[in-house]
Structure formats: C-alpha cells, structure tokens
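Please take a look at the sequence and the structure shown below. The paragraphs that follow go through the chain part by part.

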Amino acid sequence: MEGGREQQAAPQRLRYREVAAAIDVEIASGAVAIGSRLPSEASLAARHGVARGTVRKALAHLQRRGVVAPQRGAGWVVQSPVRAYGLAGFRSFAQWARSRGLEPGGLVVASAQQPADAALARRMRVPVGDAVLHVTRVRTLDGQRVMVERSAYPSWVAPVVRDQPRDAPSVAELLADAGFAEAEGSHRLDAVAASSDDARLLGVPRSSPLLLVDRHAIGVDGRTIDVSVDRYLPGTVTFEVRSDGR
C-alpha cells in the first residue's frame, strides 16, 4: 500500500508543471495577450481540475521564468515583452508572431504536386511515388521578409492547402478549421548558409547565415499533416528548450 501511495504522490507533485506548461502554451499561442490579466486562481483551478495551491505553484514557476507577474488589484498579468518559443508549443508561425504583437504574413511563391521520393515517403508513411503537394512561401513579420517555408503536404491534406489564398497568413489555422489540427510534432534545428534561392527570396547575400527548422506535424489520427523546412533570418525567432529535472 505504501508503495502505491508513493507512486500516486509523485505525479501529484509534478501536476503544477503540467498546469504551468498549459498556461505557457496559451500565452505563446496568443490566446492570452501580453499585458492582459490571467483568469482568477479559482477559475484556473477549476479549468485544470486541481487545487488552488497547485495553481499558485504553477504561477510562481512561470513568474520565476519572467512569463507572468502578480499585480496588486489585478491578479496575475502576462509580462513577457518578447517571447522565446518553447518547441512544445511551436505549431503556428502566425500564432507565435501575434504573441509578440507582430502582424504575420505570407505569400506562396511556388506550388507543385510531385511524387514522394523514398526519404519523404518514409517520413510521411506513404507509398513511394504517392502524390505530395510541395509549397514554398515567404513569411513576413510586419511586412518584412523573415523566413522561407518549404512544406510538403500528403494527399489527404493537399486539397485544403490548394484551395487557400496565396497570401493566407496562417495555413496551420486553416488546416485546423478543416479538421487537420496538429497533435504532436518533431523539430530539428541547424545553422545553414543561404542558398541562391534563399538569398533571392529573403533579399540577403548568398551564404548568409540562417536558422533551419525541420518540422514534422502529426494530426490526432496519427497521420502526417505536413513536413516543412523553414529557414529564418537571424534575430527573428528564438527557440527555448527546457528541462524539468525529472
């Protein structure tokens, strides 16, 4: 019995981290704007099904990281002026941009359907030669070019993407509305030099340093939504990887 109680107690001790992570994702996604007040501790406790003490511990955890701060007469207020984006919440360029108070934009510069080669077929878990829609976009923040996004969409997602305006600010949001919301994803980061195509699209010299983010988004049904390779100009996005000590 004692061993069972100990096993149950351990997850409870970590519950505040789960609540803190959920609040952090809401802030990072733009659902809770910078400078705005969080719901009351009682409301947060009810929403997450925990005691108010657990919520207080979660908020204190976020306060130590500079995400929120207590304000007399206003409760807890979101205070991060600039967001470092945790990979767990990095699902939409547009949501991330809005969380920083910036206006996201994008323009499709190339779109073509091509058969999947062996490497892409393996990642998407589709047959080699299956039709895949390849789309290249230039993404902007407040009208300034910051990133080249090269995405590949499998056949079950491609029609939704193909029907969207060339200047849609957020394809991820449109896909979610169509039933293709991301449930999980993987990210690989690297430092690369701008190719001739990158340089032309971003307006920088060839071989300029860029941050590469290779993303693989998976939906709630376990199927691939898209595989993307994004190349960012320096100083436009910061990724944060955290460890929780477990």
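A residue is called buried when its relative accessible area is under 20%, and exposed when that area is over 50%; between these limits it is partly exposed. Ala20 has a relative accessibility of 2%, and because this is under 20%, Ala20 counts as buried. The model discussed here is a predicted one.

Ala20 is part of helix 1. Which residues touch Ala20, once neighbours within four places in sequence are left aside? They are Ala58, His61 and Leu62. Leu59 can be related to Ala20 as well: the two are 39 residues apart along the chain, while their C-alpha atoms are separated by 6.5 Å.

Helix 1 also holds a place in the largest nonpolar core, which has 18 residues. Inside this core the residues with the most contacts are Ile23, Ile27, Leu38, Val55, Leu59, Leu62 and Val68. Two or more residues come from each of helix 1 (2-29), helix 2 (41-48), helix 3 (52-64) and strand 2 (75-78). Helix 1 is the element that gives the most, namely 5 residues. Ile23 shows how such contacts are spread: without its neighbours within four places in sequence, Ile23 is in contact with Leu38, Leu44, His48, Leu59 and Leu62. Another core lies apart from this one; it has 13 residues, including Val108, Val157, Ala158 and Val160.

The view can now widen to the whole chain. It has 246 residues, and buried residues make up 42% of them. The chain contains 8 helices and 10 strands. Among contacts with a separation of 6 or more, 60% join residues that are 24 or more positions apart. The accessible surface comes to about 13000 Å², and carbon and sulfur atoms account for 51% of it.

Two loop residues remain, and both concern the backbone angle phi. Most residues other than glycine have a negative phi. Arg125, which is not a glycine, has a positive phi near 60°. Arg125 sits in the loop between helix 5 (118-124) and strand 5 (131-141). Is Arg125 buried or exposed? Its relative accessible area is 74%, so Arg125 is exposed, the limit being over 50%.

Asp142 is not a glycine either, and its phi is positive at about 50°. Asp142 is found in the loop between strand 5 and strand 6 (144-153). With a relative accessible area of 46%, Asp142 falls between the two limits and is therefore partly exposed.

Notes. Residues are numbered from 1 along each chain as its sequence is written. This is a predicted model: local features need pLDDT of at least 70, side-chain atom pairs count only at pLDDT 80 or more; totals for chains, interfaces and linings use all residues. Side-chain values use heavy atoms; hydrogens and water are left out. Helices (H or I, at least four residues) and strands (E, at least two) are DSSP runs, numbered from the N terminus. Buried means under 20% relative accessible area, exposed over 50%, partly exposed in between (1.4 Å probe, protein chains only). A nonpolar core is a set of buried Ala, Val, Leu, Ile, Met, Phe, Trp, Tyr and Cys residues joined through side-chain atoms within 4.5 Å. Contact means heavy atoms within 4.5 Å. Accessible areas come from the Shrake-Rupley method with a 1.4 Å probe; for residues, only the protein chains shown count as cover.
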